[in-house]
Amino acid sequence: MANEEDAGKNIQVVEARARNISHNVRCTECGSQSIEDSQADIAILLRKLIRDEIRAGKSDKEIFKKLEEDYGETVLYAPKFDIQTAALWLSPLLVAGAAAGIWAYKKHRQKTNVHIMALNLVRGVALTPTEKQTMLEVLTPPPSQGATPFSLWRR
């Protein structure tokens with residue numbers, strides 16, 4: 001009786017591990033589905049191979065490594081981090097950093113007016129907010145009527 005329960009638990013463990021691995025392996029025929037969701041012949045064979053490897057006592061890492069060696073790195077949904085995939089992994093950070101830099105530069109340019117800074121230096125006293133606003137109105141050129149790439153973003 002206890003032997004049957006152990007066999008049942010063992011089957012459940014094998015199935016759970018196989019499903020977990022199968023969800024992280026891309027079907028080589030479908031491309032967009034995991035082998036767990038695909039009904040392609042290769043997906044069925046890969047699911048059987050995974051279950052056989054689990055029964056043989058191999059770890060998940062060993063199974064992933066074997067699949068990668070046999071079918072290439074694209075069979076895995078999560079590519080490893082190395083020199084070849086560094087651009088793929090770091091591109092979101094680079095784009096966000098560039099966008100933040102451009103935003104900060106525009107904010108700095110918007111708040112800094114060379115003429116007001118020079119007038120503050122000459123007078124030796126900072127302008128009052130109303131004087132500053134008047135100076136900005138006088139010194140700021142009127143907006144152009146033509147559509148520029150930056151004016152389209154502001155709308």
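Which residues does UniProt list for "transmembrane region" in this chain? The unreviewed entry gives residues 86–105. In the predicted model looked at here, that span is 100% helix and 0% strand, and the C-alpha atoms at its two ends sit 27 Å apart.

The rest of the chain keeps to the helical theme. There are 7 helices and 0 strands in the protein chain, so, read from the N terminus, the order of elements is simply α-α-α-α-α-α-α. Of the 155 residues, 18% are buried. The accessible surface adds up to about 12100 Å², and carbon and sulfur atoms own 61% of that. As for contacts with a separation of 6 or more, 40% join residues that are 24 or more positions apart.

Now for the inside. Nonpolar side chains in soluble globular proteins tend to be buried together. Here, the largest nonpolar core has 15 residues. Ile21, Val25, Ile35, Ile50, Ile54, Ile63 and Leu67 are the ones with the most contacts inside this core. At least two core residues come from each of helix 1 (2–23), helix 2 (41–55) and helix 3 (60–71), with helix 2 giving the most, at 4 residues. Ile50 shows how these pieces meet: once neighbours within four places in sequence are set aside, Ile50 is in contact with Ala18, Ile21, Ser22, Ile35, Ile63 and Leu67.

Helix 2 itself is worth a closer look. With 15 residues at 1.5 Å a residue, helix 2 should span 21 Å, and its end C-alpha atoms are indeed 21 Å apart, so the two values agree. Which residues of helix 2 are buried? They are Ala43, Leu46, Arg47, Ile50, Arg51, Glu53 and Ile54, a list that takes in arginines and a glutamate as well as nonpolar residues. Viewed down the helix axis, the buried residues of helix 2 fall within an arc of 160 degrees, and therefore line one face of the helix. The general rule behind such a pattern is that an α-helix has 3.6 residues a turn, so residues three or four places apart point the same way. Asp41, Leu45, Lys48 and Arg55, on the other side of helix 2, are exposed.

Arg55, which belongs to helix 2, counts as exposed because its relative accessible area is 55%, and the cut-off for exposed is over 50%. Arg55 is 45 residues away from Asn10 in sequence, yet their C-alpha atoms are 9.3 Å apart in space. Just after helix 2 comes Gly57, with a positive phi of about 95 degrees.

Helix 3 behaves much the same way as regards length: its 12 residues reach 16 Å from first C-alpha to last, close to the 16 Å expected at 1.5 Å a residue. A glycine follows here too, as Gly72, just after helix 3, takes a positive phi of about 95 degrees.

On the other flank of helix 2, Gln39 lies in the loop between helix 1 and helix 2. Is Gln39 buried or exposed? Gln39 is exposed, because its relative accessible area of 60% is over the 50% cut-off. Apart from neighbours within four places in sequence, Gln39 is in contact with Ile44 and Arg47. Of these two partners, Arg47 is among the buried residues of helix 2. Gln39 and Glu29 are 10 residues apart in sequence, and 10.0 Å separates their C-alpha atoms.

How values were computed:
Residues numbered from 1 in each chain as written. Predicted model: local features only at pLDDT ≥ 70, side-chain atom pairs only at ≥ 80, totals over all residues. Heavy atoms only, no water. UniProt positions renumbered as here; feature names shortened; annotations may be inferred. Core = buried A, V, L, I, M, F, W, Y, C linked by side-chain atoms within 4.5 Å. Buried < 20%, exposed > 50% of the residue type's maximum accessible area, 1.4 Å probe, protein only. Contact = heavy atoms within 4.5 Å. Areas by Shrake-Rupley, 256 points an atom, 1.4 Å probe, with all protein chains shown as cover. Expected span 1.5 Å × (residues − 1). Arc of directions from axis to C-beta.
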